[in-house]
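Me: I would like a close look at one part of this model. Please take me through the place where two of the chains meet, and keep the sentences short.

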Amino acid sequence: MRVPRSRWLALSAAGSLLAAACAGGSATPVPPAGSAPVDGSPGASGPTASGPAATGAIGGSVSVIGTWGGDEEEAFRAMIAPFEAETGITVEYTGTRDLNAVLTTGVASGILPDLAGLPGPGQMAEFADRGALVDLGTVLDVDEYTEQTAPAFVELGTVEGQLSGVFIKSAVKGFIWYDVEQFTGEAPATWEDLQALPNDPADSKWCVAVESEAASGWPGTDWIEDFVLRQSGPEVYDAWVAGEQAWTSPEIRGAFEAFGEVVANSFGGPDYILNTPFGEGGNPLFEEPPGCLFHHQASFITSFFQEQGGAAPEDYDFFPFPDINPEFAGSLTGAGDLFGMFNDTPQSRALMNYLVTPEAQQIWVDIGGALSGNREVTEYPDEISQRSAEALVNAEIFRFDASDLMPEAMNNAFWSAILQYVQTPGDLDRILTELDATQESAYAE
Amino acid sequence: MTGAGSPGTMVPPVTQGGRPIAQVRSGPQRGRAPRPRVMIHLVILAMMAVWLLPTAGLLINSFRTAADSSATGWWTALLPPYQFTLDNYAAVLNQSGLADAFINSLFISIPATIIPVVVAAFAAYAFAWMDFPYKNALFVVVIGLLVIPLQLTLIPVLRLFATFGIAGEFLAVWLAHTGYGLPFALYLLRNYMGGLPKEVFESAAIDGASPATAFFRLALPMSVPAIASLAIFQFLWTWNDLLVSLIYIGFNIENQPLTLKVANLVNSQGGGIHLLTAAAFVTMILPLIVFFGLQRFFVRGITGGAVKG
Amino acid sequence: MSDLVMAAVVVVGIPAALVGYILGVEFVLRIFPQQRRSKVRPWLWILPAGLFVFVFLIYPAIGTLIDSFKDRRSEDFVGLANYEYVFTNRDVIGAIGNNVLWLILFTALTVGFGLAIAILLDRVRYESAAKSVVFLPMAISFVAAGVIWSVVYAYDPPGSSQTGPLNAIVTGLGGNPVSWLRNGSTGTYALIVIGVWMWTGFCMVILSAGLKGISVELLEAARVDGANEWHVFRHIILPLLMPTIAVVSTTMIIIALKAFDIVYVTTNGNFGTDVLANRMYNELFNFSQFGRAAAIAIVLMLAITPILVANVRRFREQEAIR
């Protein structure tokens, strides 16, 4: 009756279940995902790859994870195309917004990509502490690297003497952008001079836009950082980054209040500021009549001016954020994209070595919207990026973006504080007090 | 007590005078409710409009350039000059590896739908029609499990997958989706099966049928609406899932599903959103087909002569 | 083995394997004396489900419970410090408040609309099409829904043309555009609307199926007896549908508690829209505070206890009637 059929079913079922479990997923092997213990040596050694480490065809693959998507991803792929062609290594790039989630679960479970874009020096230090990051001193030619790279970047990638991260590209923050037809005067020497300039022909002096999905608020943090550095100097700035300068201290409060003045003289008011994606923030510069005269943004905003604002490169120009306290003249803030290595394999070594070369970084620079921390990269596609790069290299006082350096909880609270402050400036006391509270727990071990 | 339907959910068979009645209800029937007034039609149409509007807006924007979409509202595009473009769709469809990602999504979703449904069916039947100690307490625990936030299971489970070497493989996601989908599946099926008329099973027992027979020949066919609903929900949930695939398949590019690929159309600073509009529709097609395909099962609810005599 | 073959094997093999397992169980049970069979059988039937549920849910949940008493790296015990944080931190309390809003509004609206729509659509010929329209949002991924509603809620400064239909209506009627998502007061309500839009279809589907199970004759008889529609609804449909409503409500309450994707994809909890699940995600992955994330999760799980109790009661009733 039914019995023989069921027995046949059971047998074939068991068989296929077994087969399925064994065959697993795809046909090709998973990239080296060692079961590295959390606090042991970083990553397991990867799969086979015979041949020399640096040159010639190696073959195999290397997994990379980062936040870059869309056109950034294209730029990255253009950057590594020569590498893939020469070495025969396939670079498998995955872009995701949830980088932190992947890396946190990865470090806790041992399933990690070979190379990864790191969210920032703060997180990098976390991972290095847990022993998850490979010591790049054993991978790169450290002398060559140190010689070629701006010292600030070398230092930022070093945790307790171990080189854990390198910057693939960088940007300068805090340029003041304007439409060349609307503002024809000289670059003001000080902040006071800048604020004293008349608004017309625009309604407001400033355009500010802070919307950026999960990271909404970050353009405001750039403003505050520029103020802190120029009002109170690098020592205060460094202490602030290290969690030793209270947010309620007069120095930091002063920076917020200065930003508040800017907001009060901004196109569209708080609603506009909070709702407009940062990339569109500069659009009113180019309108007839212009909504604002000036826009404070990083060097990479140029592509947004063109795409979102419909401006041509000749239409806009910049001057660096003016000085406030003459003692701290020539200050500059900047940022960069940090990369680290989790698994030491011949392929990942080859890629890491390639990524720090001036040739590689030149590729992204040529595409636009990126600067390089590598001093040997000297050719920039247009005058504006040329000047930006020069500013970066020649800055008297250079500091990395403070919020990127802070622990993530502090960073998030900072972004949130900007949003709250723009919405209700009267709440400044409460906002700063809460930031202090977050500071206490975020920096605690 | 005439026609008091047994208090189950999605009750297909209702007893009247102790015998189940076959139901085939699909639309208005004669002599039933009064003919719907114009008012009701208006209300329904208004509601449909409200429900469709957001999606329609996106659909129209997907045919406009990024500049147009951010300059004026989508309804302006319905009047001349029409400035429609297929660029967004072209960009999405030309993405390298899109077809592979689509296939991967299928590879993930189909088994991840079938396995929990089957596993849950057996267990639900046991909860509904077998007696064992702590039955209700256990089931309540099952419901409680619905609340467990998925994010907190990621690290322990990934560790487990790492130990068995299946991280990055489809098997990992199948197992994970089964685990995550079981509480709801059990809840739904158990409630439905519990509402089936007990006479059916009683007479089957009298006839000497084993529980397995009763399950395969009675409970299962009668539970088709519930199983169909469950299959749809589970399929949609696994098809649209991002986080589970991201963590368990991760950077194993070979196996990445559509959701991962699509999310990456946007760069890290939010640029490229206009591509997401087209991508949303590209990924929506299959779930809609699945829904339309299975939805007729919702309508039926038949026992149809399962009880003899 | 090629992927396709493997997939076919899995799709056919796994169900076949489970079927084989059940049949095998019957076989094995013959070893036991008649008495014991029905005692042992249920456990074997629920075993596969039990295993999955244990590995993927219970085991991590136990780990979470333990972690909630440990520090941010899950190394040392810190007693109730994490719980103290959860109930005293201003942002987390704000998130709790929002979850309560979600609990009440989201559940009431999805179940209410779902029921109303199911009943209304029952009477029209184009029921199938209309149902599909309402269910459509469930087929959409959360990322897509986020994009869709960002357009609906879009804000442009007064004076420029509005790209969002809501503000277009508002300005068309002479008002000023409202920043629905980001003004700090309407954000959560705006997000709940998105949630309702997405999940009403779910409720409708299940309630509709339940509705179809109500005997036609029963309703006819009542109508013939002169009962008006409201009476039919209140005294016949509603009581018979109660168990279905209970299932749907329970599910919606749990979804309200777990609301994450909608918030994550649109505002990421800013502007006063944060919810516990989003906060937990941030604590876990962004702030590296494992202990606090665990504490939030435990709070969520405890919040569902009253619902569980209600469900137990219902099961007992259901069984008593049988």
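Reply: What follows is a walk through the contact between chain C and chain A, with a look at each partner.

Keep in mind that this is a predicted model.

Start with who takes part. Chain C brings 36 residues to the contact. Chain A brings 45 residues. Together the two chains bury an area of about 3,500 Å². Carbon and sulfur atoms give 54% of that area. On the chain C side, three residues lose the most area to chain A: Arg73(C), Arg182(C) and Phe285(C). Together they make up 17% of what that side buries.

Next, the charged pairs. There are 3 salt bridges across the interface of chain C and chain A. One salt bridge joins the side chains of Arg73(C) and Glu126(A). Its N to O distance is 3.5 Å. The cut-off for such a pair is 4 Å, so this one counts. Arg73(C) therefore appears twice in this account, once for the area it loses and once for its salt bridge. Polar contacts can be counted as well. Across the interface, 13 residue pairs are in polar contact, with both residues at pLDDT 80 or more.

Which elements of chain C give two or more residues to the side that touches chain A? They are α1 (3–29), α11 (261–266), α12 (276–286) and α13 (290–303) of chain C. Helix α1(C) gives the most, with 12 residues.

Now step back to chain C itself. It is divided into domain 1 (2–67) and domain 2 (90–321). The C-alpha centres of these two domains of chain C lie 33 Å apart.

Turn to the partner, chain A. This chain has 445 residues, and 57% of them are buried. Its secondary structure comes to 17 helices and 12 strands. Look at its contacts with a separation of 6 or more: residues 24 or more positions apart account for 77% of them.

One strand pair in chain A gives a local example. Strand β7(A) covers residues 175–179. Strand β10(A) covers residues 316–320. The two pair in the antiparallel sense, over 5 bridges. Within this pair, Phe175(A) of β7(A) stands opposite Pro320(A) in β10(A). Is β10(A) mostly covered or mostly uncovered? It is mostly covered, with 4 of its 5 residues buried.

Note on methods: Residues numbered from 1 in each chain as written. Chains lettered and ligands numbered in written order. Predicted model: local features only at pLDDT ≥ 70, side-chain atom pairs only at ≥ 80, totals over all residues. Heavy atoms only, no water. Domains from an automatic or database assignment. Buried < 20%, exposed > 50% of the residue type's maximum accessible area, 1.4 Å probe, protein only. Pairing = 2+ DSSP bridges. Contact = heavy atoms within 4.5 Å. Buried area = accessible area lost by both parts, 1.4 Å probe. Polar contact = N/O pair within 3.5 Å; in protein donor to acceptor, adjacent residues only side chain to side chain.
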